[in-house]
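Work through these exercises with the model open. Try each task before reading its solution.

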Amino acid sequence: MASSTRKGILLLGTALGLVAFLAGLALAESYLPEWRQERPLGETAYRQRYRELAARAGFTLAPGEPEAVLLTRGPEQMEPYRALGDEGSRWLLATRSAVRVEVVHGVTEPGSEGSGVFAVDFSFSGEPQLLTWWGGFVSPYGLVDPGPALRHVETLAPLLLARGETLGTGRTDTIVTLLRILYPLKGGRLPQHLQAFVVGGYVFVGRGARDLAHAVGTDDFLARPMTLFWKLIPCFLALAILFATLLLRRRISLRNGFLLALGGLATLRPAPGILTGPPWMFPAVAVGLTALLFLLWSSAESLYRSNDAGFTTSLDALLAGRLGPRSGRGLLIGFACGAGLAGLRLALCAATEPLPGV
């Protein structure tokens, strides 16, 4: 009787998780601009537009076909909600840029022996929203001569102008290691501006919502990821010290952590901006996340085992080729919680759209 009750509870939990997921999907399609943007153009249209912009910038494309991927806006893409508040969704729908198409390919410049990468983010209607360029060695700390990168800003910024728009005089600021240039836009159907950022030799230029006056308020937001990085270093060091202590006392179990870290590395798919960025960026992110997963799981598991000699995990049973009641319950609960949390996340994001001031 007790076994039947447990099975019923597990099945009910799985059903509720699926219901929450479907409800989240329904709310997302009703309210979130990413889900209401209609279909994009064909890939051929975006690749052709990309070739036109690359030619205007003076780049020669490397052999092969440019890659096209879909992506949503991240904080680095001048998120319009910071500037427009509740009107941000309407702006995204009007520009069809909540989900964008990024086209990226290798390029060379006239008179230059080195190669680089040129990426363009298009709205679904085919208008360029963000241009990215890097070539040669790019320092993550901005400790290189920014002169060549600034010249690229002057070349790339006019490529983002729509019909009837003109580019005003740029204003240059320094934020930590970022060099930012702000350009007012005149003559457009929506109030907008251009923002260009230079980190070492890495350049990206994008359209921002609203007029130039509202762009200055992003200074703190742009500096926040850099300060957060340095705040996280002590936490990472503390975890490494804990791992080393357990290892020296021979109380560490490495197998499960190693296998999970390898699985995480095999399924890692960072944001397109990382994949198309400087060559050191993706390996650094991959190594950092893999090491974090390995240290965290191995240390936590070993702490449990050192305090309880009989402690085992469902993963132990799966690796031994056994799928008993405990492992089966773990898989069902994980599936139900995963589906439910995904649905609740979509529902929460969708609920912020009709509510004013959120």
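**Exercise 1. The chain as a whole**

Among contacts between residues at least 6 apart in sequence, what percentage join residues at least 24 apart? Then describe the make-up of the chain.

*Solution.* Keep in mind that this is a predicted model.
- Step 1: the share of those contacts that join residues at least 24 apart is 63%.
- Step 2: the chain contains eleven helices and ten strands.
- Step 3: the chain has 358 residues, and 37% of them count as buried.
- Step 4: its accessible surface is about 19900 Å². Carbon and sulfur atoms account for 65% of that area.

**Exercise 2. The nonpolar cores**

Find which residues have the most contacts inside the largest nonpolar core. Then trace the elements that build this core.

*Solution.*
- Step 1: the largest nonpolar core holds 30 residues. Phe59, Phe118 and Leu156 have the most contacts inside it.
- Step 2: list the elements that give two or more residues to this core. The helices are α2 (43-56) and α5 (147-156). The strands are β3 (99-108), β4 (115-122), β5 (128-135), β8 (178-186), β9 (192-199) and β10 (202-209).
- Step 3: look around Phe59, skipping neighbours within four places in sequence. Phe59 is in contact with Phe118 and Leu156. Its other partners are Ala54, Val107, Thr108, Glu109, Trp133 and His152.
- Step 4: a separate core of ten residues lies apart from the largest one. Its members include Val104, Val117, Val199 and Tyr202.

**Exercise 3. Helix α7**

Check the length of helix α7 against its residue count. Then decide where its buried residues sit around the axis.

*Solution.*
- Step 1: α7 runs over residues 255-266, which makes twelve residues.
- Step 2: at 1.5 Å a residue, the helix should span 16 Å. Its end C-alpha atoms lie 17 Å apart, so the two values agree.
- Step 3: Asn256, Gly257 and Ala261 are buried in α7. These residues cover an arc of only 130° around the axis, so they lie on the same side of α7.
- Step 4: take Asn256 alone. Buried means under 20% relative accessible area. Asn256 has 1% relative accessibility, so it counts as buried.
- Step 5: Trp297 is 41 residues from Asn256 along the chain. Their C-alpha atoms are 7.8 Å apart.

**Exercise 4. Two serines**

Are Ser97 and Ser302 buried or exposed? Give the location and the contacts of each.

*Solution.*
- Step 1: Ser97 sits in the loop between α4 (88-95) and β3. Its relative accessible area is 0%, so Ser97 is buried.
- Step 2: the side chains of Ser97 and Thr95 are joined by a polar contact of 2.7 Å.
- Step 3: leave out residues up to four places away in sequence. Ser97 then touches Gln37, Arg73, Trp91, Leu92, Ser123 and Gln129.
- Step 4: Ser302 belongs to helix α9 (residues 281-307). With 0% relative accessibility, Ser302 counts as buried.
- Step 5: with the same sequence filter, Ser302 touches Leu246, Arg251, Ile252 and Ser253.

**Exercise 5. A cysteine in α11**

Classify Cys349 by its accessibility. Then relate Cys349 to Leu32.

*Solution.*
- Step 1: Cys349 is part of helix α11 (residues 325-351).
- Step 2: partly exposed covers values between the 20% and 50% cut-offs. Cys349 has 30% relative accessibility, so it counts as partly exposed.
- Step 3: Cys349 and Leu32 are 317 residues apart along the chain. Their C-alpha atoms are separated by 7.4 Å.

Notes
Residues are numbered from 1 along each chain as its sequence is written. This is a predicted model: local features need pLDDT of at least 70, side-chain atom pairs count only at pLDDT 80 or more; totals for chains, interfaces and linings use all residues. Side-chain values use heavy atoms; hydrogens and water are left out. A nonpolar core is a set of buried Ala, Val, Leu, Ile, Met, Phe, Trp, Tyr and Cys residues joined through side-chain atoms within 4.5 Å. Buried means under 20% relative accessible area, exposed over 50%, partly exposed in between (1.4 Å probe, protein chains only). Helices (H or I, at least four residues) and strands (E, at least two) are DSSP runs, numbered from the N terminus. Contact means heavy atoms within 4.5 Å. The expected span of a helix is 1.5 Å times one less than its number of residues. The arc is that of the directions from the helix axis to the C-beta atoms. A polar contact is a pair of N or O atoms within 3.5 Å; within protein, one must be able to donate a hydrogen and the other to accept it, and residues adjacent in sequence count only if both atoms are side-chain atoms. Accessible areas come from the Shrake-Rupley method with a 1.4 Å probe; for residues, only the protein chains shown count as cover.
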